[in-house]
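Subject: Handing over the model

Hi there,

Here is the structure I promised to pass on to you. Have a look at it first, and then read on for my notes.

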Amino acid sequence: SSKKSDSRGALIVLEGLDRCGKTSQCSKLISYLEGSGHAVESWRFPDRNTGVGQMISSYLMNESHLDDHAIHLLFSANRWEKRSLMESKLRSGTTLIIDRYAFSGVAFSSAKGLDVEWCKAPEAGLLAPDLVLYLDISPEKAAERGGYGDERYEKLEFQQRVAQSYRTLYDATWKIVDATRSMEDVEEQLKQIVMECVLKCQEGKPFTQLWQ
Ligand code: NYM
């Protein structure tokens, strides 16, 4: 039927402060979806494996210094270089669970003082997620979780500004999940929301694009 040919994978993004538990929850979602017979891949941004990704990685590890605007554009370019692969995966029926996306790009760069609209501009035209899951935790509680690493941005004061920036990006379509609850509780909640989205995309849901 025509319905079946529109069937596609879901683009699902997890966002949140550093140490909010996103990465663990992404891998739990992958096992869950695989276990229920769905084609699924785990992605993350920045993708440090590309040439652009290596520049980003050395910046984050404080091995290089870049103008705030320049690094912002590299983060965005890193998403653009994956855009066509992303679309073909989704069209072929694979669901993508993505650890950070354009919202991280805007939240982190605008927390440095860059203009929000300027930050959004290079992201316009990327595929819009079918679902954004925000793992909500205060910067103070996140900091208590075994402490931050040595990478750039992993400081309480900066994370407080990032939390503020994320708040200006929320819209009604985001699912805000209380990330201070137990790993199991968070996992249960995410599973339900994610499965609903996967099934909706399977029935055929048109693609939309970010910020246009
Ligand atoms: N980050 C991530 C940005 O500043 N802009 C972006 O566009 C993205 C995707 O990179 N502190 C920041 C957020 C993180 C850091 O991410 C590295 P991770 O998830 O720790 O590898």
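Below is what I found, going from the core elements out to a few single residues.

Please keep in mind that this is a predicted model.

**Strand β1**

I would start your viewing session with strand β1, which covers residues 11–15. Five of its five residues are buried, so the strand is largely enclosed by the rest of the structure. In a regular strand, side chains alternate between the two faces of the sheet. Here both faces of β1 are covered. Leu11, Val13 and Glu15 sit on one side, Ile12 and Leu14 sit on the other, and all of them are buried. You may want to note that Glu15 is listed among those buried residues.

Which strands pair with β1? One is β3 (residues 95–99), which runs parallel to β1 and is joined to it by four bridges. Ile12 has Ile97 as its bridge partner in β3. Another is β4 (residues 131–136), also paired with β1 in the parallel sense, over four bridges. On that side, Val13 is bridged to Val132 of β4.

**Helix α6 and its crossing with α9**

The next element to look at is helix α6, residues 102–110. Nine of its nine residues are buried, so α6 too is largely enclosed by the rest of the structure. Going along the helix, these are Ala102, Phe103, Ser104, Gly105, Val106, Ala107, Phe108, Ser109 and Ser110. What covers them? The cover includes β1, α4, α7 (116–120), β4 and α9, so if you display those elements around α6 you will see what encloses the helix.

Two packed helices are described by the angle between their axes and the distance between the axes. For α6 and α9 (residues 156–169), the axes come within 8 Å and cross at roughly 130°. That angle is over 115 and does not exceed 145 degrees, so the two helices are oblique to each other. The crossing of α6 with α9 is right-handed. On the α6 side the contact is made by Phe103, Ser104, Val106, Ala107, Phe108 and Ser110, and on the α9 side by Phe158, Gln159, Val162, Ser165, Tyr166 and Leu169. Sorted by class, this contact has eight nonpolar and four polar residues, with no charged ones.

**Phe158, one of the contact residues**

Phe158 belongs to helix α9. Is this residue buried or exposed? Its relative accessible area is 10%, which is under the 20% cut-off, so Phe158 counts as buried. Apart from neighbours within four places in sequence, Phe158 is in contact with Phe108, Ala111, Lys112 and Tyr153. Ala111 is 47 residues away from Phe158 along the chain, yet their C-alpha atoms are separated by 7.3 Å.

**Cys197 and Ser58**

Cys197 is found in helix α10, residues 183–202. With a relative accessible area of 9%, Cys197 is buried. Setting aside residues up to four places away in sequence, Cys197 touches Ala10, Ile12, Asp130 and Leu131. Ile12 is the β1 residue whose bridge partner in β3 is Ile97, so you can step from Cys197 straight back to the strand we started with.

Ser58 is part of helix α3. At 18% relative accessibility, Ser58 counts as buried, because the cut-off is 20%. Beyond residues up to four places away in sequence, Ser58 touches Glu63 and Ser64.

**Backbone points to check**

Most residues other than glycine have a negative phi, and most peptide bonds are trans. Where does the model depart from this? Here are three places to look:

- Phe45 and Pro46 are joined by a cis peptide bond, with omega about 0°. Pro46 is in the loop between β2 (40–44) and α3 (51–60).
- Asn62 is not a glycine but has a positive phi, near 60°. Asn62 is in the loop between α3 and α4 (68–80) and counts as partly exposed, at 38% relative accessibility.
- Trp211 is not a glycine either, and its phi is positive at about 50°. Trp211 is in the segment after α10 and is partly exposed, with a relative accessible area of 29%.

Happy viewing, and do write back with any questions.

Best wishes

Terms used
Residues numbered from 1 in each chain as written. Predicted model: local features only at pLDDT ≥ 70, side-chain atom pairs only at ≥ 80, totals over all residues. Heavy atoms only, no water. Axes fitted to C-alpha atoms, helices over the stretch in contact; angles between N-to-C directions. Parallel < 35°, antiparallel > 145°, perpendicular 65-115°, else oblique. Left-handed = near helix turned anticlockwise from the far one by under 90°. Contact = heavy atoms within 4.5 Å. Nonpolar A, V, L, I, M, F, W, Y, C, P; charged D, E, K, R; others polar. Buried < 20%, exposed > 50% of the residue type's maximum accessible area, 1.4 Å probe, protein only. Pairing = 2+ DSSP bridges.
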